[in-house]
Amino acid sequence: LNPTKTEFLVIGNPQQLAKLNDPLLTFDSNTTIVPVQKARNLGVTLDNHLSLHCQITALSQSCFYHIRDLRRIRDTLDFKTASTIATALVHSKLDYCNSLYYNLPAYEIQRLQYIQNSLARAVCRKSKFTHITPTLKALHWLKVQERIEYKVASLTYNALQFHQPSYISDLLTVQSNSHGTRSSLLVALKRPTTVKAAITKRSFHHSAPVLWNSLPPCLRQPADDANNILAVSRPYFLAHLKTFLFCKSFPP
């Protein structure tokens, strides 16, 4: 390791971190590294509590920079071009690694939703006092919470159907169909043992089974052949998953 390019992050809840007495990473008698409060990896800022508050703050700054620029040139663009720019520059940032935001506190999700609301107003040239729900629905954009669930559910589908990537597939266990009821004939995932620590509910290991088992039966039909677990194709699954989550975002 190069000490000048190495960051040392200790992760835990406040009670756990309080028990540590000045942790250091020692290379030799002349080189030690003290832990940092946050570190950036693959474009995501992780803090020592895994609250992702710093990540959402940095994301907000980056997204609003592009939203302000879009507002400045919006009058010179047609709707399709403005929508394409919004998707490429802002939605791509909101969707990047957004499965990490699953089960975050509601106020953090609301900060992300505020970004999308501002983006929708910029694309549709609406004032900040306009009710945003009809605008989001007209754009056919899933709200932030549903976009997060879409990502987790699509990762779960790939892990079940294609067993890829293996480090995610190994976290899932298909529940045996032993009761013979209609619901037991669907592909369901076994929920892991409940742990008191609230942060564990954010892990893929815990969140994927809960979300998957709540999906409509048409998305969890078992395959007839031994090579596949699910009967539905990936395009069918993603299309109907978006329809399901869109109705959840904008209930009739």
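Me: Before I look at H3, what does the bend at a residue refer to here?
Reply: The bend at a residue is the angle between two fitted axes, one through the seven residues that end there and the other through the seven that start there. Please keep in mind that this is a predicted model.

Me: OK, so where is the kink in helix H3 centred?
Reply: The kink is centred on Thr 87, in a helix that covers residues 79-95, and the bend there is about 35°.

Me: And which residues of H3 are buried?
Reply: The buried residues are Ala 82, Ser 83, Ala 86, Val 90, His 91 and Leu 94, and the buried residues of H3 pack against helix H2 (53-73), helix H4 (106-124) and helix H6 (144-162).

Me: What caps the N-terminal end of H3?
Reply: That is Asp 78, which places a side-chain oxygen 3.2 Å from the backbone nitrogen of Lys 80. Just after H3, Cys 97 adopts a positive phi of about 55°.

Me: Switching to aromatics, how many aromatic pairs are there?
Reply: With ring centres required to lie within 6.5 Å, the count comes to 5 aromatic pairs. One of them joins Phe 64 and Tyr 114, whose ring centres are 5.7 Å apart with the planes at 50°, so the pair is tilted.

Me: Which parts does that pair tie together?
Reply: Phe 64 belongs to helix H2 and Tyr 114 to helix H4, so the contact ties together parts that are 50 residues apart in sequence. Phe 64 counts as buried, at 17% relative accessibility, because the term applies under 20%.

Me: How far apart are the ring centres of Phe 246 and Phe 250?
Reply: Their centres are 4.9 Å apart, and since their planes meet at 55° the pair is tilted. Phe 246 is buried with a relative accessible area of 12%, and Phe 250 is buried too, at 6% relative accessibility.

Me: Which residues do ring pairs link into a cluster?
Reply: The cluster is made up of Tyr 157, Phe 162, Trp 212 and Phe 237.

Me: Different topic: where does Arg 220 lie?
Reply: Arg 220 lies in the loop between helix H8 (204-213) and helix H9 (234-249). Arg 220 is buried yet has no salt bridge, and the nearest side chain of opposite charge, that of Glu 149, is 13 Å away.

Me: Then what does the side chain of Arg 220 reach?
Reply: The side chain of Arg 220 reaches the backbone oxygen of Asn 213, at 3.5 Å. Leaving aside residues up to four places away in sequence, Arg 220 touches several residues, among them Leu 186, Val 187, Trp 212 and Leu 230.

Technical notes: Residues numbered from 1 in each chain as written. Predicted model: local features only at pLDDT ≥ 70, side-chain atom pairs only at ≥ 80, totals over all residues. Heavy atoms only, no water. Helix = DSSP H or I, 4+ residues; strand = E, 2+ residues; numbered from the N terminus. Buried < 20%, exposed > 50% of the residue type's maximum accessible area, 1.4 Å probe, protein only. Contact = heavy atoms within 4.5 Å. Polar contact = N/O pair within 3.5 Å; in protein donor to acceptor, adjacent residues only side chain to side chain. Phe/Tyr/Trp six-rings, centres within 6.5 Å; stacked < 30°, edge-to-face > 60°. Lys, Arg positive; Asp, Glu negative; His and termini not counted. Salt bridge = Lys/Arg side-chain N within 4 Å of Asp/Glu carboxyl O.
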